[in-house]
Amino acid sequence: METLTLHLMDTEIYIGVQFEEPISWRPLMTTWFHYVANEWSRFREDNELHALNTLPIGECLQLASPLYECLQLAHHSYEQTNGLFSPYLKRQIEAHGYKRTFAQLDETSERVPNICPAPLQFCGQNTIKKVNDATVDIGGIAKGYAAFYAAKWLQSLSTTSFGIVDVGGDMEMWSHTDKVWSIGIAHPHDEAQTIATLTLQNGGIATSSTVKRSWANGKKHHLLNGQTGQMMTNDKLQITAVAKHAYIAEVAAKTSFFTEKAREHFRHVPRYIVTTNGYYAE
């Protein structure tokens with residue numbers, strides 16, 4: 001199996017793929033993930049996402065097709081969960097202190113702004129119209145979508161036997177043979193401790209945690225309720241979800257922190273939940 005490892009988006013990216021014939025694929029994957037890291041980051045002021053966030057109300061912008069598709073999927077998840085999952089929380093997460101990359105984090109916080117309706121209207125042909133001044137942060141779903149897109153692209157290049165794309169724990173995997181992937185779920189406080197092992201041939205896995213990206217001595221984390229803009233405050237520490245694709249698993253894992261109704265939205269998505277009192281699956 002051929003492999004590639006990158007460090008981008010404040011995370012580790014690993015790709016492993018078995019092609020049936022030799023092919024040059026690493027430059028394409030490197031270019032793809034550099035594009036995602038540069039153009040979809042809310043921490044830059046010279047990219048596609050910033051252009052969208054600073055677009056005047058009532059005006060339209062044509063985006064590159066991958067960002068347009070990712071935003072469509074994020075918006076669909078927003079509607080599917082009644083706003084519980086939201087890509088429109090840039091101002092809210094910044095008010096909690098997450099204004100810079102995690103390595104440069106400023107722990108000061110401000111009053112959390114009120115939630116606005118969805119600010120985007122999808123007009124087709126990769127064109128978006130801005131309808132209010134709410135701002136976009138595609139965050140975790142961008143990792144899941146990037147993994148999905150990379151896996152689809154790799155399989156389109158040539159015949160593959162199997163492969164895996166892991167973007168900081170958001171994984172897309174496939175197998176056209178008897179290959180079965182074994183994925184360990186690490187304890188949120190001790191990555192050397194495996195609390196469960198999942199076996200999967202095809203599909204996506206995503207894990208959300210209040211521990212990994214936390215600040216202010218663990219009092220602040222990046223998981224916000226899309227309906228309120230406030231941080232989750234219950235006893236859940238980490239949730240891993242398994243779905244058809246990584247971006248679906250990402251949404252399922254995140255929304256499961258906030259409500260038991262996530263079962264209604266994601267009935268066929270197994271979840272593995274770590275709380276302050278232990279671990280269980282549902």
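Colleague: How many salt bridges does the structure hold?

Modeller: The structure, which is a predicted model, holds seven salt bridges.

Colleague: What makes the contact between Asp137 and Arg42 a salt bridge?

Modeller: The closest N and O atoms of Asp137 and Arg42 are 3.2 Å apart, and because the cut-off for an Arg nitrogen and an Asp carboxyl oxygen is within 4 Å, the pair qualifies.

Colleague: Why is this pair said to tie together parts of the chain?

Modeller: Asp137 lies in the loop between β5 (127-130) and α5 (139-157), whereas Arg42 lies in the loop between α1 (26-39) and α2 (48-53), so the pair ties together parts that are 95 residues apart in sequence.

Colleague: Why is Arg42 called buried or exposed?

Modeller: Arg42 has a relative accessible area of 10%, and since buried means under 20%, Arg42 is buried.

Colleague: Where do Glu94 and Lys90 lie, and which network are they part of?

Modeller: Both lie in helix α4 (residues 90-95), four residues apart, which is about one turn of the helix; their side chains meet in a salt bridge at 3.0 Å, N to O, and together with Arg42 and Asp137 they are linked in a network of salt bridges.

Colleague: How do you know which of the terms buried, exposed or partly exposed applies to Glu282 and to Arg271?

Modeller: Glu282, which forms a salt bridge with Arg271 at 3.6 Å between the closest N and O atoms, has a relative accessible area of 30%, and because partly exposed covers values between 20% and 50%, Glu282 is partly exposed; Arg271, at 4% relative accessibility, counts as buried, the limit being under 20%.

Methods. Residues numbered from 1 in each chain as written. Predicted model: local features only at pLDDT ≥ 70, side-chain atom pairs only at ≥ 80, totals over all residues. Heavy atoms only, no water. Helix = DSSP H or I, 4+ residues; strand = E, 2+ residues; numbered from the N terminus. Buried < 20%, exposed > 50% of the residue type's maximum accessible area, 1.4 Å probe, protein only.
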